[in-house]
Each structure stands twice: as structure tokens, then as C-alpha cells.
Amino acid sequence: MTTTAETRKFEAEVAQVLHLVTHSLYSHKEIFLRELISNASDACDKLRFESIGKPELLAGDAELHIDVSWDADKRTVTVRDNGVGMSRDEIVANLGTIASSGTRRFLEAMSAEQKSDARLIGQFGVGFYSSFVVADKVTVLSRRAGLPASEGVKWESDGKGEYLLEQIELPERGTAIVLHLKADEDDFLKRWELRSLITRYSDHVAFPIRLPVEKEDKPTDEWETVNAASALWTKPKSEIGDEEYQNFYKSLGHDFNDALAWTHNRVEGNQSYITLLYLPSQPPFELMMGGRDERKGLKLYIKRVFIMDAAEQLLPNYLRFVRGVVDADDLPLNVSREILQHNRQLERIKAACVKRVLDLIEKLAKDEPEKFTTFYKAFGNTLKEGIVEDHANRERIAKLLRFASTKGEGSTQNVSLDDYIGRMPVSQDTIWYITADSHAAASGSPQLEAFKAKDVEVLLMSDRIDEWMLGSLNEYSGKKLRNVAKGELPLDEEAKKQQEEASKAAEPLLKKLKDLLGDRVGDVKVSARLTDSPSCLALSDYEMAPHLARLLREAGHDMPSSKPALEINPQHALLKRVESESDEGKAKDLANLLLEQAEIAAGAPLPDPAAFVQRLNRVLLG
């Protein structure tokens, strides 16, 4: 056999991740064993699934297991599985590069000041690379199930930029990872320490995890299974403690933090399945960095056989933060993603998953407000997507949303729509809100002045998603939702009469402003919104808020141009000055400044910032 060996450089992102891992996990060193056993379990799962159609892949070695051994003299710890193994190309793809398209965004988020932030690393899911926290050299020996013994592969690296790749003779299929421990890592050469870590982190793994039996302080050739080797979710809830649930979550989600809450349910009857669903306490990595296109975290099993990560098939986009497992008895083992897309049984399971998650969030909101606050800070904006995407559950989702308010506590988002309705006067039939690109801009908007004067509560919405979401939330609990900056304000007969009289009295001023501003505005009219400020923008009911239109343009979207109406307060000193100004140049500067300050307050971009500065300077100099 011709042996081919070569030295390759790590992909740049791998080198950066290795640096971050080895400098950030010093207080979580033991995590390497959990990660390697989790990977080994995945390899066994994959082989068990592939062998359904190709039983020859098991080739006389059908008892899948994971062996953890140590050699005190050589100072090595080895994690070996007889799972699916890897070919040469798979080794390069899995260990020499990082496939996640979110990796670069993750690395950019990790500034030098954050280098010790283990929480971020944990959410990334360090996996295999955590080996280098305790080892100064790692050797991987692997052969893909179905390939001949001559196509074994050896991978070796010290984690400092390069790795060795060599074709070797390997009689057994599967993967062995040999860690050459650093000088100060003697604890991992002790059987009791390895057993303790396996019991703590990996007891639920469904394959036997074996350690050598020790006699006279030396490992023997006899093996002992040290984990429960049963799927945790199949056990009765009464037999599972909180610590077991949390350890399973941490292994499942590659997280250092405890889960915030979970729901475990067994359904029997015409359709039988089990769901175990978790709410994380912090956003998982792919949610922070990958967005909506990277869907992971919900594993589908059929009769305890792992089939695939089926988050896309089992949960809608807006619940993509959920982690867990679904184990069904009634789906075919050879199911594919294409079949899942049109499977009625799976649709029923998906509907049940959505219900369970919303039930869980509602329970937090009702019974554990502190946990709900933690959840909402992490996932509130993601949940809002459900208002647009999930018409059937729109009212339930809306009930869970929280906002800042003119009667709330500063920028704290703790006012529900039910809270707002509960404070409404009997005569009020509308939930009023305003959107802006920051809380300061929302709370300081001139459009709020008339509402404050009349002591009408207004919800202050400053998250980027709010304006988009509210396009699908026109009503809640029989009450209309309306933006204070859009459309005509409802006025009683007396206020309407006063408005008409004010508009008639200001006709000469309105005409003058229209002439001075020309095609920069669609209209100029007297405002019913203003009490203190000189001007503000008013949009039509269906016009997009200026701050959202600006963000979409910056993102490269073509947005139709619009000419909002300028509303004025004729009693304000600046409007009196415009009215009395005989110099057309000065009057034009004042009129344009009135429009531009209204645009700034509304979050709209100034079409010509340099001209604005020049105008402002001329007015200041008199």
C-alpha cells in the first residue's frame, strides 16, 4: 500500500477558534470529554441510521459503543467509537475547516476585550476543538464504514496552525481521538475522574460508554459500562430529576448555562410520540450570528433511532431558539426531508410542539416573572416574528409581547397589551403606539404631545422589527392598534371645531410654507398632535415609518420615494417668525429647517446634510 502523508494549514477561522478556545475555557476544561462523547454518539447514531438500508456496514460489529481509556505512562486519553467513521475528505471538511457560515460573524463579535467570555464560546459549541484545552497534541484515527482497511486516515496537530494528514491501514471502522495531555492535566489520567465526568455530563447517551476495569491501579482489557445508556426522554418524568434534565440540555445544546425551562410530554393513541423541549437562558450561537437560515437544535428520532436535525420541519422560524428532541413511533425509518415536508403526521407533531412551547412561555409569564423577563430579553424580538408568520397563534403570541410605555418605567419593556387595555378609560377604543429607532427617539417624539396633554398612554416601540410586525397586528382583544404618527387623529366635536378654526386662521401661513417648500412636502397642515413643538411629520395610515425605510435602503432595498405631510403648530414662536418674515431667503431657510427638524425627529435621513448645516448657520447668525 502506498502511504500518502501531507501537512496542511488550518483554515484561518479554525486557527482563530482554536486560539479563542484554548484561552477562554480554562475554567471549563472538563467540557472536552462531554463534547467528544457527544460527537462519538452522533457517529454511532449515523451508522445505525445508514445501516437500515445497508446492514452490511455493521460488518459483524453490530454492538455500537463508545470507549474511553487512558495511559498514565504515555499521558494520553483516548475516546473511541465504532460508529460511521470518516473518510479522508470528511476529515478535512470536519477538522480542517469550519462549515458554519456564521463563524466569521462569531469571530468578529469576539473582540479582544471578550477573549475570556466563555459564555460566547459555549454557545458556539466548541466540539472537537475543545480537545486542545487539555492536550498539546491530538491524534485522530478514523475509517469510514464501508471503506476497506487500507483507507484509514490519521490526522494529527498541535493546534498551532497546521495538521498532518496520512493514509494508514486501519482494521476497525469508526474513530479514535487520542489526546496527548498537557503537563498539568494529570486529573484526567484517573479513572474516578473520567467516570465522574461521564456520569455528570453523558449519562443519558443512548450508547454504552465503557471504561477499562482497573486492577491494582492499572487498566485491564476488561470493559465496564458506566452510563445509563438509555434515552433520557423515554423515562417517566417522575424518574428524572432537574439535574438530569439540565445535564441533558447542556449536552444537547453545547451550552454551559442551565436551560431556563422545559416541557416533557408523551402522547399515546392513534399517533404516539414524545417531546422534550427546552427554552435556553441565552441565545444559542446560530441565533445570534446565523439568523433565520441556520436552523438547528431539535433532533428527530424514530423509535429511538436518530434520523436528523429537523428544526425546520418541526418548529416555525420564530421558535428557532428552542432545543430538544422529538421521538415518534409512527414514522418510517427511511423518512427523508422531502417526505417530511408533506407528512400529515409530522404536521400534527409540529402543531403540538408549537402549542407546548407557547404553553411553557405563558406559564413563565404567569408564574415565574423573573424567568420570563430573562426569556423576553433574549428572545422577545424573535417571538415577534410569529405575529407575521403564525396567524393561528397570533393572539397568543401578542399576549406575550412586552413594550415600554409613556406610563411605564423608562425604557424597560414590561407593559403587556393586556396591561394597557386594563388602564384604558371606558371611552377609549384604541391601543396607541409609536415606533422609532431608539427609545429616546420614541419617548421624545413631538407626535406624543397631544396624547401626553390628555393623559393617554402610548406604547413606545423601538426595536427594528416592530414596524414590520405591526403591519400584521392591527387588532388585539377587540381593540384597534394605531400609530400616533399616522393618519388623522380622532377628535370630538368640540376639538374638531377648534381644529377647523385654527386651520382657517392659518391659511395664509400654510400657503406661504407650501410655496417655500415646494415639492419637498406633500402637504402642510395645522397639527392636532402638537402642543409644544413647532412641527412634525405625519404619515398616511399605510405609509412606512421613515426610520424603517432608511434601514431598508441601507440594506440595499429599493424603496419608493414618498412626500409626507408637514404638520405645524401655528402658535409656536418659530411659525410666527416665518409668518412675519418678509425676506424670502430667510423665510425659506426657516421653512426648510422646520421640515428638516421634523425629519430628524422622525428618523428620516436628511437629503442634503451640508445644505442643512449651511441653513442652520445662516439662521443662527441672523
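Let's start with two charged residues tucked away from solvent: arginine 320 and glutamate 385 are both buried. This is a predicted model, and in it these two side chains form a salt bridge, with their closest N and O atoms 2.8 Å apart. The partners come from distant parts of the chain, 65 residues apart. Arginine 320 sits in the loop between helix 9 (311-314) and strand 14 (323-328), while glutamate 385 belongs to helix 12 (residues 369-389).

Now move to another loop arginine. Arginine 144 meets glutamate 50 in a salt bridge, at 3.2 Å from N to O. Here, too, the pair links distant parts of the chain: glutamate 50 lies in helix 2 (residues 31-53), and arginine 144 lies 94 residues away, in the loop between strand 4 (135-143) and strand 5 (152-157). How buried or exposed are these two? Arginine 144 has 17% relative accessibility, and because the cut-off for buried is under 20%, arginine 144 counts as buried. Glutamate 50, at 30%, is partly exposed.

A third bridge ties a strand to a helix. Glutamate 224, in strand 9 (residues 218-225), pairs with arginine 195, in helix 6 (residues 191-202). The N to O distance is 3.3 Å, and the two residues are 29 apart along the chain. Both ends are partly exposed here: glutamate 224 has a relative accessible area of 29%, and arginine 195 has 32%.

Salt bridges can also join up into something beyond a pair. Lys355, Asp359, Glu362 and Arg396 are linked in a network of them. Stepping back to the whole model, the count comes to 38 salt bridges.

Technical notes:
Residues are numbered from 1 along each chain as its sequence is written. This is a predicted model: local features need pLDDT of at least 70, side-chain atom pairs count only at pLDDT 80 or more; totals for chains, interfaces and linings use all residues. Side-chain values use heavy atoms; hydrogens and water are left out. A salt bridge is a side-chain nitrogen of Lys or Arg within 4 Å of a carboxyl oxygen of Asp or Glu. Helices (H or I, at least four residues) and strands (E, at least two) are DSSP runs, numbered from the N terminus. Buried means under 20% relative accessible area, exposed over 50%, partly exposed in between (1.4 Å probe, protein chains only).
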